[in-house]
Amino acid sequence: MNLQNLAQNFSSEDQARHFFEKQKWPDGVVCPHCGVVGEAYRLEGDPESKTPVRKGVWKCRGCQKQFTCTVGTIFADSHIPLNKWLMAIHFLCASKKGMSSHQLHRMLGITYKTAWFMTHRIRHAMAQESLLSPLSGTVEVDETYVGGKEKGNPGHPTPERSKKTPVVSMVERSLINKTGRVHSKAVERVDVKTLKPILKECIAEGTTVNTDEATVYYYCNDDFKHDVIRHRAKEYSFKEGGRRISTNTVEGYFATLKRGIHGVYHHVGRQHLHRYLSEFDFRYNSRKIKDNERSLLAIQGAAGKRLKYRDTKPPQPPVVPF
């Protein structure tokens, strides 16, 4: 499923629809309304009828309701052909640092607004709201700041003046036959009250945690073995008691994240940052597999998720009466 095969084998919407149906229902068609398996049949409408049946419509013998393969997925109620959806998913999964909505808008022949909404839906499919199993082994934890440049008070940002949003990432080091995972979260501020519940939720008890010398982490180590690397003393990696103490892995993840945001997306709204983090986490966690397998993972994640356009808008301030 590289770009050449996509262009040759999925040039029409019908081909893409059959592909999505096979991915969503590998063991038989499942009715999204009643859950009955294998009791649905495809509706074949009369083309000369005044009310022809849309392509791809199925009907369940159990509940007598109609549905398509896009019901209950990120593709629901979309007027964009499924072959363009397939191309967009492949582009976002195969590009290491992502692909901007402007680029998709030009390549797929759709409007920028449509491309923007498509990319956010795909990021929603990539999201891992909670890890299947907590991070374990050795986990590196660090924070970075994403957003615009600080003005008026360089080096000492305040919530009123700073446009940057803190991002905390936890990276599990790769072990033999196991690919290290990452889990990132955008937070309001970096303090004990914010970080301690996040670390306790995402990291298994008794795990060795590597951090820098930031004092906030000293108060978060009640449930973990805590190793500290002192960057101010020009320490970046050393061995102690047979353990490698470093935060180079999470710093490498931040390098890819920053290059993607600054070089590809240029600007990320604070209210949308969590979806961009889902995208970069997804690609990092599936970095050991091929692009086509990564695209299939994203397609499988599209089921059971729905993102409406109104949900992407920032909350409006309350109207204060005069």
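1. Start with the interior. In this predicted model, the largest cavity holds about 50 Å³ of space. The count is one cavity of 30 Å³ or more.

2. Who lines the largest cavity? The residues are Leu 199, Val 209, Thr 211, Tyr 217, Cys 220, Asn 221, Phe 224 and His 226. By class, five lining residues are nonpolar and three are polar. No charged residue takes part in the lining.

3. Next, the sheet. Five strands form an open sheet, in the order β6-β5-β4-β7-β8. Pairing is mixed. The edges are β6 (182–186) and β8 (225–228), each paired on one side only. From one strand to the next, the twist averages 25°.

4. One edge deserves a closer look. β5, residues 164–172, runs antiparallel to its partner β6, and five bridges join the two. Among the residues involved, Met 170 has His 183 of β6 as its bridge partner.

5. Helix α7 spans residues 248–265 and packs on the sheet. Its contacts are with β4 (138–147), β5 and β6. The direction of α7 makes about 25° with that of β4.

6. Helix α8, residues 273–285, lies across β4, β5 and β6. Relative to β6, α8 runs at about 170°.

7. To put the helices together: α7 touches β4, β5 and β6, and α8 lies across β4, β5 and β6 as well. At the other end of the strand order sits β8, an edge strand.

Note on methods
Residues are numbered from 1 along each chain as its sequence is written. This is a predicted model: local features need pLDDT of at least 70, side-chain atom pairs count only at pLDDT 80 or more; totals for chains, interfaces and linings use all residues. Side-chain values use heavy atoms; hydrogens and water are left out. On a 1 Å grid over the protein atoms alone, a cavity is a set of points where a 1.4 Å probe fits but cannot get out, and a pocket is an open set with protein on both sides within 12 Å along at least five of seven lines; lining residues have an atom within 4 Å of a point. Grid points are joined across faces, edges and corners, and a volume is the space filled by probe spheres set on the points. Ala, Val, Leu, Ile, Met, Phe, Trp, Tyr, Cys and Pro count as nonpolar, Asp, Glu, Lys and Arg as charged, and the others, Gly among them, as polar. Two strands pair if DSSP finds at least two bridges between them. Helices (H or I, at least four residues) and strands (E, at least two) are DSSP runs, numbered from the N terminus. Axes are lines fitted to C-alpha atoms, for helices over the stretch in contact, and angles run from 0 to 180 degrees between N-to-C directions. Contact means heavy atoms within 4.5 Å.
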